[in-house]
Structures are given as C-alpha cells and as structure tokens.
Amino acid sequence: MTMVVQQAAARRFRELLEGRVVVVGVGNRLRGDDGVGPLLVDRLQGVPGLICIDAGNALENHLGTVIRQRPDTVLVVDAVHLSLTPGEYELLEPGRIQDQGLSTHDVSLKLSLEVLAQGIDGKVFLLGVQPRSVSLGSGVSGAIRRALGVLEHEIIEAIVAGARKPQRME
C-alpha cells in the first residue's frame, strides 16, 4: 500500500471513529488470513475508548451484544474478497456491500451489518481486508501480519485524536 493511500486511510479512520466505538473481529483463526478480524481485536484489547468483541466466524451470534453497548460507531473487521493485493483493505458502509462472494462466512455479512445499523443510533462500517489464503490450517500471511500492524496503529491514533477533540456541549 502506498504512503498516500495509507495517509488517506488514516484520515478516514480519524473521521469515522467517533464517540463510543465498538470494534468487532469476525473470522476463523484456523483458516489463515481469515483470522484477521479476531487478531486485530486481540491487538486492540485494553485500548482506552475502545470496546473490542471477538465474534469468531458468527457475527450474527453477537449482534445483541454489540447493540447493548450503545455504540456511536461500530467497526466490523473481516477478511473480504475485494480483488485487491493481499493485506490491502477498504472501509465500506453497509449500503456499498454486495452479497455475492464477498465474505468467507455462511450468513450474509451484508444482512448482519444491516441489522446492526438498524439496531443502533450510530454508524456501522466494514473494514474489509484482502486475504492471501483462507485454507484450513494455513498460517497468517506476511501481508496480513503487516496490515495488522498498520491497522492497529491507525485505529489507536484515531481514538487518541478523537479523545483530544473538544467535547460538544449539549
């Protein structure tokens, strides 16, 4: 990923991750790069200002838990076939997600994100990361390990920057 693309993505994280933020990792750790969501959640656990949930490979089983957190922003992280280079990622809104072949999971990711969007008074985004391999027993690729480091840094920076913003008086 080029430096210009990384800087634009970092700016976008700062713009989108506002208020009470829930990061939900989706994926199967036994299927190589498909574990990117839970692996990122592991890295972000304990960051002040973030609520982290490892949904495994069944986001639909955790929708109620996410909604009960009353988030302003939900960021769902998953390995997604985006026709990009492995490790590259894209931030998508539920309306921009197509059903066919996008996710590596059985239940429609688009449907789960739409349920989330209807259940909260806030914003929902998918952070889709292009996997190299999601084969059972394959390890996490170098491209995904590098992407995890970049994403961890960008999300933490966005949360820290948000904490420094003056709070609106209501």
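In what order do the 5 strands of the open sheet lie? Colour the strands in this predicted model and read across: the order is 2-1-3-5-4, with mixed pairing. The edges are strand 2 (50–54) and strand 4 (89–92), each of which pairs on one side only. From one strand to the next, the twist averages 20°.

**Strands 4 and 5**

Select strand 4 together with strand 5 (residues 123–129). These two run antiparallel and are joined by 4 bridges. Show the side chain of Leu91 and look across to strand 5, where Leu127 stands opposite.

**Helix 4**

Add residues 109–119, which make up helix 4. This helix lies across strand 3 (73–79) and strand 5. Relative to strand 5, helix 4 runs at about 155°.

**The aromatic pair**

Next, show the rings of Phe13 and Tyr89. The structure holds 1 aromatic pair, and in that pair the ring centres of Phe13 and Tyr89 are 6.5 Å apart. Why is the pair called tilted? The planes of the two rings meet at 40°, and the tilted class takes in plane angles that are neither under 30 degrees nor over 60.

Now colour by element. Phe13 belongs to helix 1 (residues 3–16) and Tyr89 to strand 4, so the pair ties together parts that are 76 residues apart in sequence. Are these two residues buried or exposed? Phe13 has a relative accessible area of 1% and is buried. Tyr89, at 11% relative accessibility, also counts as buried, because the cut-off for buried is under 20%.

**The largest nonpolar core**

Keep Phe13 on screen and add Leu50, Leu75, Leu127 and Ile155: these are the residues with the most contacts inside the largest nonpolar core, which has 26 residues. Leu127 is the residue already seen opposite Leu91.

Which elements give two or more residues to this core? Among them are helix 1, strand 1 (21–25), helix 2 (36–44) and helix 5 (142–164). Strand 2, strand 3, strand 4 and strand 5 are on the list as well. Helix 5 gives the most, with 6 residues.

Centre the view on Ile155 and display its neighbours. Leaving aside residues up to four places away in sequence, Ile155 touches Phe13, Leu17, Leu40, Leu44, Leu50, Leu75 and Leu127.

**The second core**

Finally, select Leu59, Leu82, Leu109 and Leu116. They are included in a second core of 19 residues, separate from the one around Ile155.

Technical notes: Residues numbered from 1 in each chain as written. Predicted model: local features only at pLDDT ≥ 70, side-chain atom pairs only at ≥ 80, totals over all residues. Heavy atoms only, no water. Pairing = 2+ DSSP bridges. Axes fitted to C-alpha atoms, helices over the stretch in contact; angles between N-to-C directions. Contact = heavy atoms within 4.5 Å. Phe/Tyr/Trp six-rings, centres within 6.5 Å; stacked < 30°, edge-to-face > 60°. Buried < 20%, exposed > 50% of the residue type's maximum accessible area, 1.4 Å probe, protein only. Core = buried A, V, L, I, M, F, W, Y, C linked by side-chain atoms within 4.5 Å.
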